[in-house]
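Biologist: Could you walk me through this model, one question at a time?

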Amino acid sequence: MAMAIAVYPTRMELLKLRQRVGLAQRGHDLLKEKVDALVIEFFEVVRRIQEARAKALEQLSAAHRALLMCFAIMGTLETKQASKEAKRELQVEISTRHIMGIAVPTVEVGEVERNALMRGYSLRMTSSVLDEASREFERALKLLIGLAELEGSAFAIARELERTKRRVNALEYILIPRLKEALKFIVMKLDEIERENFSRLKRIKAMLEERE
Amino acid sequence: MSFKIAVVGDQDTVTGFALAGATYAHISTTKEETLVKLGEFFASDEIGLVLITHRVAEELGHDFRRMLQTKRLLPLVLRIPDKTGYAPEVDELREIIKRTVGVEITIREEGG
Amino acid sequence: MSADRLIKLELSKLNVHLPQRRLSLKEALLSAKPQVVTRDGGVHKFKREELEFLAGLLPEADRDKLQLPILIALEPKLGRGTARISGEAEVKVVSRVLEKEPAAGELLIYRPEVAILRRKLPTTTQYLFLW
């Protein structure tokens, strides 16, 4: 793994390398804190998804039951025709908010439920089963919009979590070990040079003393 | 910003959400046609949310997943069960949790 | 990009979600749109129900002392998973929410408590990364 970092054994390099190790260590520790915080945020969203999903799916199956009833009583063709005539202009407000630098969606939706007149299909179509099916689907849609926001947030947080974890691992298992390796090398080399200088000095001193 | 809603799925799902006010709809036919339609929905600046049934999403397979990965933040895409309640065994969120956090938890509530 | 620049970039992004200026609870309660502008120019909104919940935990005289969002300071030197809450009113409120003994000046809380705090006060708390 560790491809050695090329360094010149000088005091200056040693100082620079110590600073690099410090920076890498600090980055590692902080990004690890960030991972922990993201995990907290992620599980909170997941918890809310569990609740929201159960409710939304229950409502969706209730809606499908109401639609089947409508097909049976009003007729399939007539129901489809009504769905084409219906006012289909539901709008949702979507903006983004930031969780630790991650853009996550925020969805706001006004009243989804309408009365029979607002739904727009011609009044000759109106029947209580059609109204019922429409209302049940409106309710399901409202819950699903909330669920979409939560799932969108969960995916966005998960992506950032994976990215940050990769950075932490790269620091922990690659960069920091290499820097420390290089640091060890420099310290060793500098020691060696110092020892050489020391013995050279001793030799010179001895030579000088001999001359006296 | 205000956005409209699109729905992709079987006849019943599309009928139901059209009744509820969804503006755009596509009843899935062939894989190719549905992919083209989804491409339009994803490229539209008007659409903020696309509902698509799990069944159709699965039929589209790899192509759909790639579209999801490369799409912009909007529209949001939500996969939903059809009238049979069908949802795949493998839950994407659960897979992500396993990968990122290394814990297995159950997301889907039983029944519903 | 060099490894060092990449680390510096990551560090520089850690706190961009924090407000340029915090808002006191009193100001927030009086505002029609209680929100702050973040360092990266975004808008962070406070939920009214949270503001009212906080108001219920504090004597009226302390409402202009509580600065929002309440900062959950994560600092590696405290040990992993340990966070610090600073400020008299902030400590008072967080102690009440977590049912901890109130401390003077600052309060140390641990990861499960951070999770509870984030759940109960999702818009009125934020993480602060310190080094």
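Modeller: Happily; here are the ground rules, followed by the questions. This is a predicted model, in which local features need pLDDT of at least 70 and side-chain atom pairs count only at pLDDT 80 or more, while totals for chains, interfaces and linings use all residues. Residues are numbered from 1 along each chain as its sequence is written, and chains are lettered from A and ligands numbered from 1 in the order in which they are written.

Biologist: Which two chains share the most contacts?

Modeller: Two residues are in contact if their C-beta atoms, placed from the backbone, lie within 7 Å. Chain B and chain C do not touch, their nearest C-alpha atoms being 15 Å apart. Of the two pairs of chains that touch, the one with the most contacts is chains A and B.

Biologist: Which element of chain A gives the most to the side that touches chain B?

Modeller: That contact takes 46 residues from chain A and 33 residues from chain B. Elements here are DSSP runs numbered from the N terminus: helices (H or I, at least four residues) and strands (E, at least two). H1, H2, strand E1 (92-99), strand E2 (102-109) and helix H4 (128-211) of chain A each supply at least two residues. With 16 residues, the biggest share comes from H4(A).

Biologist: What is the bridge partner of Val92(A) in E1(B)?

Modeller: Strands pair if DSSP finds at least two bridges between them. E1(A) and strand E1 (residues 2-9) of chain B run antiparallel and are joined by two bridges. Opposite Val92(A), the partner in E1(B) is Phe3(B).

Biologist: How are H1(A) and H2(A) oriented to each other?

Modeller: Axes are lines fitted to C-alpha atoms, for helices over the stretch in contact, and angles run from 0 to 180 degrees between N-to-C directions. Helix H1 (residues 11-74) and helix H2 (residues 76-85) of chain A pack at about 120°, with axes 6 Å apart. Angles under 35 degrees count as roughly parallel, over 145 as roughly antiparallel, 65 to 115 as roughly perpendicular and the rest as oblique. The two helices, H1(A) and H2(A), are therefore oblique.

Biologist: Which residues of H2(A) make that contact?

Modeller: The H1(A) side consists of Cys70(A), Phe71(A) and Met74(A). From H2(A) come Thr76(A), Glu78(A) and Thr79(A).

Biologist: What is the radius of gyration of chain C?

Modeller: Chain C has five helices and eight strands, and its C-alpha atoms fill a box of roughly 50 × 35 × 20 Å along the principal axes. The radius is taken over C-alpha atoms, and the globule rule is 2.2 Å times the number of residues to the power 0.38. For 131 residues a compact globule would come near 14 Å, which agrees with the value for chain C, 15 Å.

Biologist: Which are the edge strands of the open sheet in chain C?

Modeller: This sheet has four strands in the order E7-E6-E5-E8, with mixed pairing. Each edge strand pairs on one side only, and these are strand E7 (106-110) and strand E8 (125-129) of chain C.

Biologist: Which residue in E8(C) does Ala73(C) stand opposite?

Modeller: Five bridges join strand E5 (residues 70-74) of chain C to E8(C), and the two run parallel. In E8(C), the residue opposite Ala73(C) is Leu128(C).

Biologist: Which helix of chain A packs on this sheet?

Modeller: The strands touched are E5 and E8 of chain C. The helix direction makes about 160° with that of E8(C), and the helix is H1(A).
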